[in-house]
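Reader: I have a new model open on my screen and would like to walk through it with you. Could you help me read it?

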Amino acid sequence: PDQVGWEFFDLLSLFAPFGQDNLQPCFLMRDLQVEDLKWVGNGQKHLKMKVLASNFKSFSAIGFNFVHWQDKIKRGDKIDLVFEMIADEWNGIRQLQMKIKDLKRRSE
């Protein structure tokens with residue numbers, strides 16, 4: 001978690017363009033805590049959340065078409081995330097975001 005930031009994202013960008021023959025790298029971060037979550041988009045199918053790492057660093061994450069998790073995840077849950085790093089730009093604000101590829105709820 002300490003290494004995830006704009007410097008890391010800029011380094012990854014040097015490997016672009018990504019596509020079928022050059023897949024975008026995926027990463028795994030374990031033992032994150034769900035700080036906040038909401039369902040967004042047309043039909044409320046996309047999971048948008050804030051997660052907290054063990055070093056108290058907070059990350060923004062989005063999972064497109066994760067509607068099947070609506071009744072399975074809640075604030076305070078511990079999870080593991082597989083993600084790609086993306087730059088989210090909206091309304092003139094640019095932020096680093098985890099694009100969720102897969103997640104697992106951890107047993108307490």
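Reader: Thanks! Which residues does D80 touch, not counting residues up to four places away in sequence?

Author: Happy to help, and please keep in mind that this is a predicted model. D80 sits in strand β4, which covers residues 78-90. Leaving out residues up to four places away in sequence, D80 touches L28, M29, R30, D31, D102, L103, K104 and R106.

Reader: Is D80 buried or exposed?

Author: The cut-off for buried is under 20% relative accessible area. D80 has 5% relative accessibility, so D80 counts as buried.

Reader: Which side chain does the side chain of D80 join in a polar contact of 2.8 Å?

Author: The side chain of D80 reaches the backbone nitrogen of D31 at 2.8 Å, but that partner is a backbone atom. The polar contact between side chains, also at 2.8 Å, joins D80 to R106.

Reader: Which element gives the most to the largest nonpolar core?

Author: That core has 25 residues, and L103 is among those with the most contacts inside it. At least two residues each come from α1, β1 (27-40), β2 (46-52), β3 (58-63), β4 and β5 (93-105). The top contributor, with 5 residues, is β1.

Reader: What about the surface: how much accessible area do L11, L14 and F15 have together?

Author: L11 lies in helix α1 (residues 6-13), and at 48% relative accessibility L11 counts as partly exposed. With L14 and F15, L11 forms a nonpolar patch on the surface, and together their accessible area is about 360 Å².

Terms used. Residues numbered from 1 in each chain as written. Predicted model: local features only at pLDDT ≥ 70, side-chain atom pairs only at ≥ 80, totals over all residues. Heavy atoms only, no water. Helix = DSSP H or I, 4+ residues; strand = E, 2+ residues; numbered from the N terminus. Buried < 20%, exposed > 50% of the residue type's maximum accessible area, 1.4 Å probe, protein only. Polar contact = N/O pair within 3.5 Å; in protein donor to acceptor, adjacent residues only side chain to side chain. Contact = heavy atoms within 4.5 Å. Patch = residues over 30% accessible without salt bridge, like charges linked within 9 Å, V, L, I, M, F, W, Y side chains within 5 Å. Areas by Shrake-Rupley, 256 points an atom, 1.4 Å probe, with all protein chains shown as cover. Salt bridge = Lys/Arg side-chain N within 4 Å of Asp/Glu carboxyl O. Core = buried A, V, L, I, M, F, W, Y, C linked by side-chain atoms within 4.5 Å.
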